[in-house]
Each structure stands twice: as C-alpha cells, then as structure tokens.
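Me: Could you take a close look at one part of this model for me, and tell me how it sits in the rest? I'd like the details in plain words.

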Amino acid sequence: MKRQFVEIIVGLFVIAGVVALLFLSLKVSNLNSVAVTDPYQVNARFDNIGSLKVRAPVTMAGVKIGRVNEIRLDSASYQAEVVMDISGEYKNLPVDSSASINTQGLLGEQFVSLEPGGQQEYLANGDHIRLTQSAVVLENLIGELLFSNSQGAKQ
Amino acid sequence: MISAVRRTGTVSLAVFAATGRACMLLMQMLYSIPSAIRRYGLLIEQLYRVGVLTLPIIIVAALFVGMVLALQGYNTLVDFGAESSLGLLVALSLTRELGPVLAGLLFAGRAGAALTAEIGLMKATEQLAGMEMMAVDPVWRILLPRFLAGVISVPLLAVLFTAVGIFGGYLLGVDVLGVDQGVFWSAMQQGVDFQQDVINGLLKSLVFGVLISLIAVFMGYDASPTPAGVSTATTLTVVLSSLVVLVMDFCLTSMMFQ
C-alpha cells in the first residue's frame, strides 16, 4: 500500500515535470512558430546592413515568412551578402521583388522586409534579389538633418 | 614560514585526493547502473524522498521569485514605456539562469544535506560495513539510487521552477500591475528560443544535478565516522555544491550564450 502510494506520487512528479517542459516549449518559447518549414534560400546584396543579425526575421507585408541564415562580406563588390531562408509555403515570390532592411520601432531589432514585384516568374532556391535598399543608420540621418539645418540657417 | 607553505601543500594534496576519490566513486556508480535497473524500486523510493519532498519549497520559492522579478522589472521598464517586455524579461531570466541555479541551490540545501547526513550516519553506525560483510555492495545498494534520484530530480525541479516562476510573474504582472495579457505572452514567445534558452537551461540543470548529487553522496561516503565528521561533511556538501553551482553556471553561460 505504502509502496503503491510512493510510486503514484513519483509518477505524478515526473508527469508534472514533463507538463512543465511542454508549457515552456509551447507557451513560453517560440517552438511552434519558429520552424521555417521546407525552406529555400534567396540571396540579396546590401551596401550596408546596419546591425542586422543572423536569425533576424524576413517579412513581407509585415508577415514573417523566413529568417536570415547567413551574413558575409562579398570581397569582390565590398557588399554584404545576406542569405535568407524563406519558408516553402511562400514559393510564389516574384523575381523582381525588392528587399530592404527596416527597424522595428525607433531603436528595435533590424529585419529584412521584402516588397513583391510584378513579374510572373518566381524566386527559386539560390536566386538573387537585385533591388535592395540599405539599412537606415540613425546616426547618419541625424548628421544629415544637422547639416541641412545649418545650410538652411546660412541661407 | 616553511610550515605555512607545508600546510598549503597538505591542504591541496587532500583536495586533489578527495577529487580523485570522488571520480573513482562516480566511475564505480556508473559501472553498476546496469544492475541497478533490475532493482528500480530503490530508485523510486529515493525519487520520492529526494525529488517529491523538495517540490513544496521549489514551488513556493519559484512563485515568489517570479513575482519579485515582475515587480522589479515593471518598475524599471515602465520608465521607458517598455512594460510590454515584462513577460520576456521574466521568462528569459528564469529559463536561462534563475530556474536552474535556484533549483540547484534549493536542492543542495534541502536534499543534498539530507543525503550526506544519512549516508554519513550509516557509515558512522557501521551499517555500510555491515552490508559489505553480507556481500551487498553499499555503492550499489545505498549510493547509486540516491545519486540517480538526484540526477533525475534536479532537471525536473528546475523545469517546474521555471514554469511556476513564469506563472508567478504572470499573476503579478497581468493581474496586479495591469500589463496586457496578450502582449505579455506574445513578447515572451517572440523572444524566448526553444533551443537557445529552454534546452540550454535544461542542460545546465542536468549538469548541476550530476554535480550536487555526486558531492552529496561522496561527502557522506567519505565522512569520518564521528558526529563531528558527519556535521562537517553536511556543511561541506551545502557550501561546496552551492559554490560549484554558481561557478559552473558562469562557465556554462559563457559557453552557451556568447
């Protein structure tokens, strides 16, 4: 009787641990939304990627469709080459889509935003996105603002 | 002067010898795991005493740790209008650090000390020697179930600590401080990565479990068989395993999260 009780309690303890792990994986972490299923890779070259990081999200119209897989410097053109994993669900991105690096909020994380083009051909694994727009560097922006202000003051 | 140097030498030699004996004991225990599976009843009993009975302190501590994290985090974040990140703050600090570390520390104080005292007393009253006389290996019969129970319990306790702590943070943050419930969870899900945070936290707690259980079991087995010896061993278990948990936590953190 005592033995059975102990076994039942220990069983409950182990089950509670597993349930807590399930809670952590499903409710707390992004396990259910993280997997980019059946991805294909698309490259894009930027003049300046700002502080874009690997694993940053790739979005279209604000919806997350993939994530940045690799960032490297192309030593021939001195541009940053960004390799993105796009979820296989979204196979119909036009080849003349453009990519830009935006910031979430004023000071938030940076992410890649894709704008769809109009062509009927679709991007496939390993394709390049030609139209890109660099990250907006806040410091440069402030510098330009100050510069134009002082120009205006002179006139 | 020379005697001070000599004392340092004596102490370091003793520490090295004890580490060596602990490793030998670990090998001996690992070697007898296959034969322990046949007597899993012993393990179940120890799981109850080591794991289940530690549960109340873990749950109460976690609830309050989660609530205090939410309170302090809220006070800081609200100055920047960033109280939407409260869930993320609570969840990240619990999964990465506080869950495994505090569960380990509480386990060392609650269960590790008890294990050492029990085994040390068995040795002092020559029960272990008696077993050897009856050709029962005390390492297999007494030490191994307690060690395995500790190794299994600590990760479970750490996961429960994390989950209950997040729930405590949720209670205070959403119900008392008025952070929006949807934002609380979605910010958390966006920022917490399963592999990076949850799995690494689990790995940490597994390492802590092995270390604390080994220290507790070894200290009891290695205690000098006197009342003073048992009391020293119990103190050493708590002190050493707390220090080892904190130091290992730093090492693991610097390896896992660059």
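Here is the part I mean, followed by one connected answer.

Me: Which residues form the nonpolar patch on the surface together with A:Val136, and what is the chain around A:Val136 like?

Reply: A quick word on ground rules: this is a predicted model, where local features need pLDDT of at least 70, side-chain atom pairs count only at pLDDT 80 or more, and totals for chains, interfaces and linings use all residues. Residues are numbered from 1 along each chain as its sequence is written, chains are lettered from A and ligands numbered from 1 in the order in which they are written, and side-chain values use heavy atoms, with hydrogens and water left out.

Now the patch. A:Val136 shares it with A:Leu138, A:Leu141, A:Ile142 and A:Leu146, and together they offer about 440 Å² of accessible area. Patches take residues with over 30% relative accessible area and no salt bridge, joining like charges within 9 Å and nonpolar side chains (Val, Leu, Ile, Met, Phe, Trp, Tyr) within 5 Å. The areas come from the Shrake-Rupley method with a 1.4 Å probe, and for residues only the protein chains shown count as cover.

A:Val136 itself lies in the loop between β8 (131-133) and α3 (138-154) of chain A. Helices (H or I, at least four residues) and strands (E, at least two) are DSSP runs, numbered from the N terminus. A:Val136 counts as partly exposed because its relative accessibility is 47%; buried means under 20%, exposed over 50%, and partly exposed in between (1.4 Å probe, protein chains only).

Stepping back, chain A has three helices and eight strands, in the order α-α-β-β-β-β-β-β-β-β-α. Of its 155 residues, 32% are buried. Its C-alpha atoms fill a box of roughly 95 × 45 × 30 Å along the principal axes. The radius of gyration of chain A is 23 Å, whereas a compact globule of 155 residues would have one near 15 Å; the radius is taken over C-alpha atoms, and the globule rule is 2.2 Å times the number of residues to the power 0.38.

Then there's the partner chain. In chain A, 24 residues are in contact with 27 residues of chain B, contact meaning heavy atoms within 4.5 Å. About 2200 Å² is buried between the two chains, and carbon and sulfur atoms give 81% of that; buried area is the accessible area (1.4 Å probe) that two parts lose on being put together, summed over both. The rule finds zero salt bridges across this interface, where a salt bridge is a side-chain nitrogen of Lys or Arg within 4 Å of a carboxyl oxygen of Asp or Glu.
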